[in-house]
Amino acid sequence: MEFFRIKKDIPFMRHALVFNVISLLTFVLAVFFLVTKGLHLSVEFTGGTLIEVKYEQSADLEKIRSTLGSSGFADYSVQNFGSSQDVMIRLPLREGEDSAKQGEGVMQALASGAPGASLQRVEYVGPQVGRELAENGAMALFVVIIGIIIYLAFRFEWRFAVSAIIANMHDVIIILGFFAAFQWEFSLSVLAAVLAVLGYSVNESVVVFDRVRETFKKIRGLSSTPQVLDHAITSTISRTIITHGSTQVMVLSMFIFGGETLHNFSLALTIGICFGIYSSVLVAAPLVMWLGVSREQFIKTKKPVAEGATEDGACV
């Protein structure tokens, strides 16, 4: 399905070097923030106090959050679990307090600002659990990257695999750089968004690469690799706008109406979708060109038949 079709190819590859320099600068800047500031990890990774409370009616999460904030608590996480009456609160353990004392403080704050809560349990979640989550998350990211490389190398060619994984890692590092620069909380939901962006971005790269391969095989009038890449990107623009536009509408809906629980998750997806489009078109494609992709890699030339012999090698 196409809403429009551009008849004249847009010369993206004419400015490939400029786009690659911009990508390199943003990548270096993201790494700089990651090294100097680091990620603001949530209680799920650092450990802290977990408190479960129950209301007789549906809990007002925004009221609970404002009550905890006005009572001096910071970096808290408030969400429903099980039902709308059950609320889970996560808090970093403050210096000089244990979990039981912190739980008492939370219940006192709720009694004055969001009354009706009954305490179900209070427990301490140690940093060891968070360390295991971080290690498992990193392992999941590594396995996804290896799987993408193998898939693209078999489906296309090793140049495409290398270009796609560099472009996708560019997206991941940019997302992490944003969270480090602005010190937004990095939670398990954000990690899930990063993994989702990795798959989403490689899908766009596969669409462009598939059109590149098809153009190399079928359209002989395009003599140079930059012309082929320009044609492949231009011919998929309508599909790109439809797909990413509809996805972005959904993500923005979560960002605006999803509340605090989905805020950072949808924020990471928003950044990832925007940079996913950019990297698939203006990072991966130029890298493929720099690595020397050509028509000969996709079209098998027939071997000339020796004089006096048939095609199967037999003598006449």
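Here are a few exercises with worked solutions on this structure, which is a predicted model.

**Exercise 1. Work out how strands β3 and β4 pair, and what happens at the turn between them.**

Step 1: Find the two strands. β3 covers residues 77-81 and β4 covers residues 83-91.

Step 2: Check the direction. The two strands pair in the antiparallel sense, over five bridges.

Step 3: Go to the end of β3. Phe81 has Ser83 of β4 as its bridge partner.

Step 4: Look at what sits in the turn. The hairpin has one residue between the strands, and Gly82 takes a positive phi near 85° there.

**Exercise 2. Take the salt bridge between Arg121 and Glu52 and describe where its two ends sit.**

Step 1: Get the distance. The two side chains meet at 2.5 Å, N to O.

Step 2: Place both residues. Arg121 belongs to strand β5 (residues 117-125) and Glu52 to strand β2 (residues 48-55), so this pair links distant parts of the chain, 69 residues apart.

Step 3: Compare each end with the cut-off for buried, which is under 20% relative accessible area. Glu52, at 10%, counts as buried. Arg121 has 32% and is partly exposed.

Step 4: See who else joins in. Glu52, Arg121 and Glu123 are linked in a network of salt bridges.

**Exercise 3. Which strands does the salt bridge of Asp86 and Lys54 tie together?**

Step 1: Start with the contact itself. The side chains of Asp86 and Lys54 meet in a salt bridge of 3.2 Å, N to O.

Step 2: Assign the strands. Asp86 lies in β4 and Lys54 in β2, so the bridge ties together parts 32 residues apart in sequence.

Step 3: Sort the ends by accessibility. Asp86 is buried, with a relative accessible area of 14%. Lys54 comes out at 33%, which counts as partly exposed.

**Exercise 4. Move to the helices and examine the salt bridge of Arg239 with Glu204.**

Step 1: Read off the distance. The closest N and O atoms are 2.4 Å apart.

Step 2: Place the partners. Arg239 is in helix α9 (residues 237-257), while Glu204 is in helix α7 (residues 188-218), and 35 residues separate this pair, which links distant parts of the chain.

Step 3: Check burial. Glu204 has a relative accessible area of 1% and is buried. Arg239, with 24%, is partly exposed.

Step 4: Put the pair in context. A search of the whole structure turns up seven salt bridges.

**Exercise 5. Describe how helices α6 and α7 cross, and what kinds of residues make their contact.**

Step 1: Take the geometry. The axes of α6 (residues 158-181) and α7 come within 9 Å and cross at roughly 150°. The crossing is right-handed.

Step 2: Pick out some of the residues involved. On the α6 side they include Phe160, Val172, Ile175 and Phe179, and on the α7 side Val190, Leu198, Phe209 and Val212.

Step 3: Sort the contact by type. Its residues divide into 13 nonpolar, four polar and one charged.

**Exercise 6. Is Gln248 buried or exposed, and which residues does it touch?**

Step 1: Locate the residue. Gln248 is in helix α9.

Step 2: Apply the cut-off. Gln248 has a relative accessible area of 12%, and buried means under 20%, so Gln248 is buried.

Step 3: List its contacts. Leaving out residues up to four places away in sequence, Gln248 touches Thr270, Ile273 and Cys274.

Notes
Residues numbered from 1 in each chain as written. Predicted model: local features only at pLDDT ≥ 70, side-chain atom pairs only at ≥ 80, totals over all residues. Heavy atoms only, no water. Pairing = 2+ DSSP bridges. Helix = DSSP H or I, 4+ residues; strand = E, 2+ residues; numbered from the N terminus. Salt bridge = Lys/Arg side-chain N within 4 Å of Asp/Glu carboxyl O. Buried < 20%, exposed > 50% of the residue type's maximum accessible area, 1.4 Å probe, protein only. Axes fitted to C-alpha atoms, helices over the stretch in contact; angles between N-to-C directions. Left-handed = near helix turned anticlockwise from the far one by under 90°. Contact = heavy atoms within 4.5 Å. Nonpolar A, V, L, I, M, F, W, Y, C, P; charged D, E, K, R; others polar.
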